[in-house]
Amino acid sequence: MKSKVLGLLGLGAALALTACGGGSKDAAQQSTGAATDSALKGTTLNLYTWDGMFPQEVLDGFTEKTGVKVNYSNFDLDETMLAKLEETKGGDYDIVVADDYIIQLAIKEGLVKELDKSKISTYDNINPLFQSKFYDPENKYTMPYGAGIPLIVYNPETVKVDIQGYNDLWNPELAGNVGIIGNYRVIDGITLKSLGYSFNTNDLTQIQEAGDKLKTLAPNIRLINDNNLQDYLLSGEVGAAFMYTSQVTQAIKANPDLKVVYPKEGLGFGVMGSFIPSNAPNAEAAYKFLEYINEPEVAAKCFEYIGYFVTNKAAESYVSDDWKDLIVFPEDKISLIEGGELIENISDEANELHNKLWEEFRQETN
């Protein structure tokens with residue numbers, strides 16, 4: 001699975017974690033045991049997302065419950081997905097799961113169907129904390145399917161620096177001992193954040209200042225790896241790492257003694273959203289799938305499988321004890337992300353400067 005952004009996100013004031021409806025375990029039974037929908041039996045649902053986004057038992061359970069077969073196709077990048085939707089004019093696929101920023105573009109191009117929420121009985125199980133974001137402010141088109149919050153993780157046995165935020169990664173005592181992911185908007189973003197600027201600034205002077213500061217991080221960088229950074233932390237090749245949520249989860253699962261840092265400068269994160277393309281060939285089956293994956297017990301299985309933060313409030317009580325501390329966002333940390341941001345689409349000029357500065361930084365680390 002390769003989500004490009006997951007990533008950076010901001011939260012508004014509506015942070016009532018316990019306010020979402022459908023949170024009781026009785027909600028899990030609202031559609032459990034229902035007979036197969038004869039009208040849909042034999043239909044094929046065309047699912048399009050990254051590889052490894054749904055456990056097979058969940059896909060099989062959907063087929064058993066509804067009689068709908070699942071045809072799982074995957075893409076490598078969000079941009080690949082958008083190009084395919086443009087080519088098919090919003091057809092061919094029934095459900096897509098992708099990153100927030102690309103969904104915004106798909107909606108603007110008319111490639112996403114407005115949801116008929118009356119067809120999704122489990123809709124109220126969603127945690128409103130992960131809704132009403134820039135890409136779908138009125139929640140007309142999407143349902144969240146996991147949130148990613150990149151964090152710093154370090155080994156306190158080998159790293160003696162008391163890391164509390166992004167700025168601590170520049171500490172000279174960490175020379176040659178830091179690993180980071182390879183997403184330029186994320187890394188440039190935390191550098192901007194360390195200077196008190198927005199992740200999404202279009203101010204070229206601020207972006208240049210951040211780029212200059214990022215170059216001074218080069219002596220501390222041991223490696224840049226976007227796929228399996230947690231392995232290098234676990235092996236001891238690096239003592240500290242700034243990683244995607246799924247990598248943080250894998251690292252802490254393997255070594256609970258590692259320390260997780262919620263940067264004091266403020267968190268950012270991204271949301272993966274599920275949607276129905278505008279000309280989906282089997283929209284009714286798509287609605288059934290959205291309804292199914294938002295059943296609390298089903299959702300809990302999905303989140304444990306993908307290792308991202310739970311975006312279904314009703315599913316939290318079904319997450320196993322082994323996973324709860326890893327993927328249910330801690331209530332005592334909510335204040336850290338109230339001023340956070342999602343990575344949004346920025347001007348072409350600003351993005352070009354980000355790319356230029358990132359390449360210069362990469363050369364400094366070689």
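Six rings come together in one aromatic cluster here: Phe54, Phe62, Tyr145, Phe289, Tyr292 and Phe303. Across the structure there are 14 aromatic pairs. Keep in mind that this is a predicted model, with a mean pLDDT of 89 for the chain and 89% of residues at 70 or more. The fold is built from 11 helices and 10 strands.

**Confidence and overall make-up**

- The weak patch is residues 7–35, where pLDDT stays under 50. The model still gives that stretch 79 contacts beyond four places in sequence, so treat those with the pLDDT of residues 7–35 in mind.
- Of the 366 residues in the chain, 58% are buried.
- Looking at contacts with a separation of 6 or more, 78% are between residues 24 or more positions apart.

**Aromatic rings and the charges over them**

- Tyr166 and Phe242 make an edge-to-face pair, with 6.1 Å centre to centre and 80° between the planes.
- That pair ties together distant parts of the chain, 76 residues apart: Tyr166 sits in the loop between strand 5 (151–154) and strand 6 (178–180), while Phe242 belongs to strand 8 (residues 240–243).
- Both partners are tucked away: Tyr166 is buried, at a relative accessible area of 1%, and Phe242 is buried, also at 1%.
- Two Trp rings have a lysine over them. Lys213 lies over the face of Trp170, 4.6 Å from the ring centre, and Lys253 puts its charged end over the ring of Trp323, 4.8 Å from the centre.

**The sheet with order 2-1-3-10-4**

- This is an open sheet of 5 strands with mixed pairing, in the order 2-1-3-10-4.
- Strand 2 (69–74) and strand 4 (143–148) are at the edges; each has a single partner strand, so one side of each is left without a neighbour in the sheet.
- On average, neighbouring strands of the sheet are turned by 20° against each other, direction ignored.
- Strand 3 and strand 10 run antiparallel to each other and are paired over 4 bridges. If you want a register marker, Val97 has Ser274 in strand 10 as its bridge partner.
- Helix 3 packs on this sheet, touching strand 3 and strand 10, and its direction makes about 125° with that of strand 3.

**Helix 3 up close**

- Helix 3 (residues 100–108) is mostly covered, with 7 of its 9 residues buried.
- The buried ones are Asp100, Tyr101, Ile102, Ile103, Gln104, Ala106 and Ile107.
- Their cover includes helix 2 (78–88), strand 3 (95–99) and strand 10 (270–275).
- Just past the end of helix 3, Gly110 takes a positive phi of about 75°.

**The sheet with order 7-6-8-5-9**

- Here you have another open sheet of 5 strands, ordered 7-6-8-5-9 and again with mixed pairing.
- Its edge strands are strand 7 (221–224) and strand 9 (259–261), each pairing on one side only.
- Neighbouring strands in this sheet are turned by 20° on average, direction ignored.
- Strand 5 and strand 8 run antiparallel and are joined by 4 bridges; Leu151 stands opposite Met243 in strand 8.
- Helix 7 (residues 245–254) packs on the sheet and touches strand 5, strand 8 and strand 9, with its direction at about 140° to that of strand 8.

**Helix 11: His354 and Trp358**

- His354 lies in helix 11 (residues 348–365), and Trp358 is found in helix 11 too.
- His354 is buried, with a relative accessible area of 1%. Leaving out neighbours within four places in sequence, His354 is in contact with Tyr184, Arg185, Asp188, Leu192, Ile207 and Ile346.
- Trp358 is also buried, at a relative accessible area of 5%. Not counting residues up to four places away, Trp358 touches Ile181, Gly182, Tyr184, Ile187, Asp188, Leu214 and Ile224.
- Tyr184 and Asp188 turn up in the contacts of both residues: they are among those of His354 and among those of Trp358.
- Trp358 also comes with a long-range partner: its C-alpha atom is separated by 7.3 Å from that of Gly211, 147 residues apart along the chain.

How values were computed. Residues are numbered from 1 along each chain as its sequence is written. This is a predicted model: local features need pLDDT of at least 70, side-chain atom pairs count only at pLDDT 80 or more; totals for chains, interfaces and linings use all residues. Side-chain values use heavy atoms; hydrogens and water are left out. pLDDT is the predictor's confidence in each residue, from 0 to 100. Contact means heavy atoms within 4.5 Å. Rings of Phe, Tyr and Trp (its six-membered ring) pair if their centres lie within 6.5 Å; planes under 30 degrees apart count as stacked, over 60 as edge-to-face and the rest as tilted. Helices (H or I, at least four residues) and strands (E, at least two) are DSSP runs, numbered from the N terminus. Buried means under 20% relative accessible area, exposed over 50%, partly exposed in between (1.4 Å probe, protein chains only). A charge sits over a ring if NZ of Lys or CZ of Arg is within 6 Å of the ring centre and within 35 degrees of the ring normal. Two strands pair if DSSP finds at least two bridges between them. Axes are lines fitted to C-alpha atoms, for helices over the stretch in contact, and angles run from 0 to 180 degrees between N-to-C directions.
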